Amino acid sequence: MSSSYYTPGKERASKVCQLFQRIAGRYDLINDIQSLGMHRLWKRSLVRRAASHSSAGNQYPALALDLCCGTGDIALALARHGFQVHGVDFSEKMLEIARERTPGALAGRIRWSCQDVLALSEPDGSYDLITCAYGLRNLADIPAAIALMLRLLKPGGQLLILEFGKPENPLLKTLFRLYLKMVVPLFGLIFCRDARAYSYILDSLDHYPAQRGIDELLRRQGFIQTSWQNIIGGTMSLSTAFKRQ
Ligand SMILES: C[S@@+](CC[C@H](N)C(=O)[O-])C[C@H]1O[C@@H](n2cnc3c(N)ncnc32)[C@H](O)[C@@H]1O
């Protein structure tokens with residue numbers, strides 16, 4: 001089954017937005033189920049990496065931009081680590097949940113904005129850190145998104161991207177694809193009455209350059225010290241890059 005939510009070209013963003021508007025209420029639950037709760041560990045490792053870079057530079061309170069922030073896992077964790085965070089997402093329903101999850105004590109440290117990240121028009125060099133968890137694969141123009149990230153980072157700033165990946169081991173690759181094709185849509189059917197919403201993960205991954213391709217794009221666009229860490233054999237990956245000082 002292929003997803004009616006994956007459409008290349010002009011309609012891409014509106015279809016993706018429809019999808020997240022539809023599944024917002026069950027998004028966190030399905031994340032926990034489909035990753036057996038492990039997405040929390042992967043996100044924690046992203047935030048630890050961000051915090052250690054930032055404290056090494058003694059830049060508190062560092063300014064962070066969390067792109068495609070969804071229900072706020074990364075933005076909230078960054079705020080807890082002392083960052084001043086701007087979370088951006090175009091799904092009002094995902095943001096509604098993020099706002100509800102924001103404790104009063106963190107409210108002064110987080111700003112939520114509802115807009116297409118590709119339309120962000122803030123000044124060059126606005127942020128010390130940019131994060132994007134499970135967001136980049138959804139964007140209509142990935143090279144444009146990377147150019148935007150580079151523009152918005154301060155010199156020496158850090159970019160962290162957590163995403164689905166493409167394992168190189170043939171057996172793991174087959175098993176992972178089967179899982180995304182057969183099992184994950186079943187969760188979508190059971191919990192959102194919409195299997196196609198969750199078939200979208202495999203469709204979008206098939207059109208995504210994944211860890212190797214993203215690393216190449218980052219370098220080509222001028223990022224330095226690029227690297228990626230494979231998680232569970234490359235089924236997920238955490239990419240890191242820096243803007244030149
Ligand atoms: C898979 S969720 C990830 C949410 C969160 N970062 C996490 O890790 O749980 C992807 C999010 O990206 C948002 N998104 C996708 N394309 C976007 C765009 N062009 N502009 C803003 N948000 C976008 C969706 O609305 C959705 O909330």
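Modeller: Let's sort side chains before we look inside: Ala, Val, Leu, Ile, Met, Phe, Trp, Tyr, Cys and Pro count as nonpolar, Asp, Glu, Lys and Arg as charged, and the others, Gly among them, as polar. This is a predicted model, where local features need pLDDT of at least 70 and side-chain atom pairs count only at pLDDT 80 or more, while totals for chains, interfaces and linings use all residues. Residues are numbered from 1 along each chain as its sequence is written, and side-chain values use heavy atoms, with hydrogens and water left out.

Biologist: Okay, how do I read the empty space? How many cavities of 30 Å³ or more does the structure hold?

Modeller: Rolling a probe the size of a water molecule over the atoms shows where empty space is left. On a 1 Å grid over the protein atoms alone, a cavity is a set of points where a 1.4 Å probe fits but cannot get out, a pocket is an open set with protein on both sides within 12 Å along at least five of seven lines, and lining residues have an atom within 4 Å of a point. Points join across faces, edges and corners, and a volume is the space filled by probe spheres set on them. Here there are 2 such cavities, and the largest holds about 350 Å³ of space. Its lining has 28 residues, with C68, C69, G70, D89 and Y134 the closest to its centre.

Biologist: Which elements give two or more residues to that lining of the largest cavity?

Modeller: Helices (H or I, at least four residues) and strands (E, at least two) are DSSP runs, numbered from the N terminus. The elements in question are α1, β1 (63–67) and α3 (73–80). Helix α1 gives the most to this lining, with 4 residues. By class, the lining of the largest cavity splits into 16 nonpolar, 7 polar and 5 charged residues.

Biologist: And where does the ligand sit?

Modeller: In that largest cavity; "sits in" asks for more than half of a molecule's atoms to lie within 2 Å of the grid points. Around the ligand there are 19 residues (a heavy atom within 4 Å), and the closest are Y27, C68, D89, V117 and A133. Helix α1 (residues 12–34) brings the largest share of this shell, 4 residues. The shell has 11 nonpolar, 5 polar and 3 charged residues.

Biologist: How do I read the polar contacts?

Modeller: With a ligand, look for pairs of N or O atoms within 3.5 Å. A ligand oxygen is 2.9 Å from an N or O atom in the side chain of K43. A ligand nitrogen is 3.0 Å from an N or O atom in the side chain of D116, and a nitrogen of the ligand is 3.1 Å from a polar backbone atom of F90. The protein covers 98% of the 590 Å² of accessible area that the ligand has on its own (Shrake-Rupley method, 1.4 Å probe).

Biologist: What about the open spaces? Which residues lie nearest the centre of the largest pocket?

Modeller: Q34, S35, F164, Y179 and M236, out of 30 lining residues. This pocket has a volume of about 460 Å³. Helix α1 gives the most to its lining, with 7 residues. The lining has 22 nonpolar, 6 polar and 2 charged residues.

Biologist: And the second largest pocket?

Modeller: That one holds about 310 Å³ of space. Its lining has 14 residues, with R40, K43, D73, A77 and R80 nearest the centre. Helix α2 supplies the largest share, 6 residues. By class, the lining has 3 nonpolar, 2 polar and 9 charged residues.

Conventions:
A polar contact is a pair of N or O atoms within 3.5 Å; within protein, one must be able to donate a hydrogen and the other to accept it, and residues adjacent in sequence count only if both atoms are side-chain atoms.
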